[in-house]
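Here are my notes on the model you sent over. I stuck to helix packing and one pocket.

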Amino acid sequence: MKVLKFITAITLLTVLSSCNDWLTISPKDQVDEEQLFETGLGYRNALNGIYQNMASGSMYGREMTWGVLDVLAQYYDSGELDNPWKHMAEKFNYDVQDSETLIDNIWSRAFNSIANANNLLSRIDDEDPLKFAGEELEKNVIKGEALALRAFLHFDMVRLFAPSKDDGRTYIPYFEKYPSTFEPRTTVNEVMEKVIRDLNAAKDLVAPYDTLDSREDKLHSLYRFNTAIGMGVLGVTDLFEAYRGFRMNYYAIQALLARAYAYIGRYQEAFDATQIVIDAKDKDLHKLFQFTSKSDLSKKPKLQDDLIFALSNEKLLDNYLEYYNGEYVKLYLDIWDKDDLFDDPADYRRELIAEVGYFYQSVKYSKTATGNQQINEVMIPMLRLSEMYYIRAEYYAHSSMFDKATSELDMVRRGRNCTIGRLDISSVSEFSTELINEAKREFVGEGQLWYYYKKLNIKPVRSMPDDAFIFP
């Protein structure tokens, strides 16, 4: 089979000038890949292209966040949905044509992104560090991010297309070479071993870039949210660094490692990884990740202060509003009132649910004020601080330390302005129920609740077929 020798070139990060341009989708004409990789800036472009591909509507820009995964998790009133979402919400029917097309698009887009990561990785080792603006540090961080994104994508493919527990059967391939048109399918455990291997390698590659020479400053909220408005703010003149706090940096990789370890029941290692994220501070001893304050909700409805990793798509709000506006709004939440979702009237996440007539809608994906807050409109949440506490709670619950498990859940609840002490957990079963309830409140519009149902083997509705957790 002839391998295509072209790759889409992406507008340089270094010449972007506004927060709406952060990881924007701006494809140019196709450029021969040999030409693309002639410079360090070409490597930046290739890496940025992977992020952009992931932010498309077939993936995290719709289907794998507020789209089909939240549809399957039963967030929405299925009566208002169009096909294929309606098929999947009501009957978990994956075999009709439009459902098959949706699933095929997720698969092909993910493995296309993996191929682009492998293309970059196949070349970068032999490059002279002087080719890159940051020399050895930058060369390593580009390689580390590409490795981490390859692991991230394989992880989500195994979460969608395989059971949550290894059963000895093979499900998805793990692509590590470029070019490659075929790799054998592997077991869940084999995929996860490679995911964790890649993440550990990536972590070591990016660590010097993110943790030496006061570079942790670049991960702080001041840099994540403010540097885009006018170049040079706070000493950052290169947007490749300015948005480091939302890219696949050292702490995002640690958080993803925690998610991966927890998924396969390696709770101690998951716990240890969360500790590194939670304890992360800048040189002034300010925590890098903190729960967004209630006073900031109107300008930060995606609770961006506690985001560890995010993607961006400048068309995100327009794409969402296609389903949100018009004669029939398609994304009504399947609740009668806010008390169906929230157990505490003080929970400020209630304010992220708007009442429209007799219905309720999420306002996470909404238009915000001008200026710095515009970043909310393009931001796609991928990993956040609350998940680190949920993983820690799992560790304690599976160690039969239910008081400590409750305390970890209460750390999130306190961060969301709840009155702590309302939870009463004395078994793994009770913990699983409470964890699902917490995930429902926390991850509206983020595509994560489905994975909690799957990992805990709890059906979102009784009528769901036993095999519906696995995409064909």
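At what angle do α15 and α16 pack, and how far apart are their axes? Point 2 takes that up, after some housekeeping.

1. This is a predicted model, so be aware of the filters: local features need pLDDT of at least 70, side-chain atom pairs count only at pLDDT 80 or more, and totals for chains, interfaces and linings use all residues. Residues are numbered from 1 along each chain as its sequence is written, and side-chain values use heavy atoms, with hydrogens and water left out.

2. The angle between α15 and α16 is about 5°, and their axes are 11 Å apart (axes are lines fitted to C-alpha atoms, for helices over the stretch in contact, with angles running from 0 to 180 degrees between N-to-C directions). The two helices are therefore roughly parallel to each other (angles under 35 degrees; over 145 is roughly antiparallel). On the α15 side the contact (heavy atoms within 4.5 Å) uses F402, A405, L409, V412 and R413, while α16 brings V428, F431, E434, L435, E438, R441 and E442. By class, that is seven nonpolar, no polar and five charged residues.

3. α15 (residues 402-415) also packs on α14 (residues 385-397), this time at about 170° with the axes 7 Å apart. That makes α14 roughly antiparallel to α15. From α14 come S386, Y389, Y390, R392, A393, Y396 and A397, meeting F402, K404, A405, E408, L409, M411 and V412 of α15. This contact splits into ten nonpolar, one polar and three charged residues.

4. Elsewhere, α2 (residues 40-54) and α6 (residues 135-161) pack at about 20°, axes 10 Å apart. That makes α2 roughly parallel to α6. Y43, R44, L47, I50, Y51 and M54 of α2 touch E138, I142, E145, A146, L149, F152 and L153 of α6. Ten nonpolar, no polar and three charged residues make up this contact.

5. If you're after a pocket, the second largest one holds about 330 Å³ of space. It has 18 lining residues, and the closest to its centre are Q74, D334, I335, L341 and K440. α16 (428-442) and α17 (449-456) are the elements that give two or more residues to this lining, and α16 gives the most, with three. The lining as a whole has ten nonpolar, two polar and six charged residues.

Terms used:
Helices (H or I, at least four residues) and strands (E, at least two) are DSSP runs, numbered from the N terminus. Angles under 35 degrees count as roughly parallel, over 145 as roughly antiparallel, 65 to 115 as roughly perpendicular and the rest as oblique. Ala, Val, Leu, Ile, Met, Phe, Trp, Tyr, Cys and Pro count as nonpolar, Asp, Glu, Lys and Arg as charged, and the others, Gly among them, as polar. On a 1 Å grid over the protein atoms alone, a cavity is a set of points where a 1.4 Å probe fits but cannot get out, and a pocket is an open set with protein on both sides within 12 Å along at least five of seven lines; lining residues have an atom within 4 Å of a point. Grid points are joined across faces, edges and corners, and a volume is the space filled by probe spheres set on the points.
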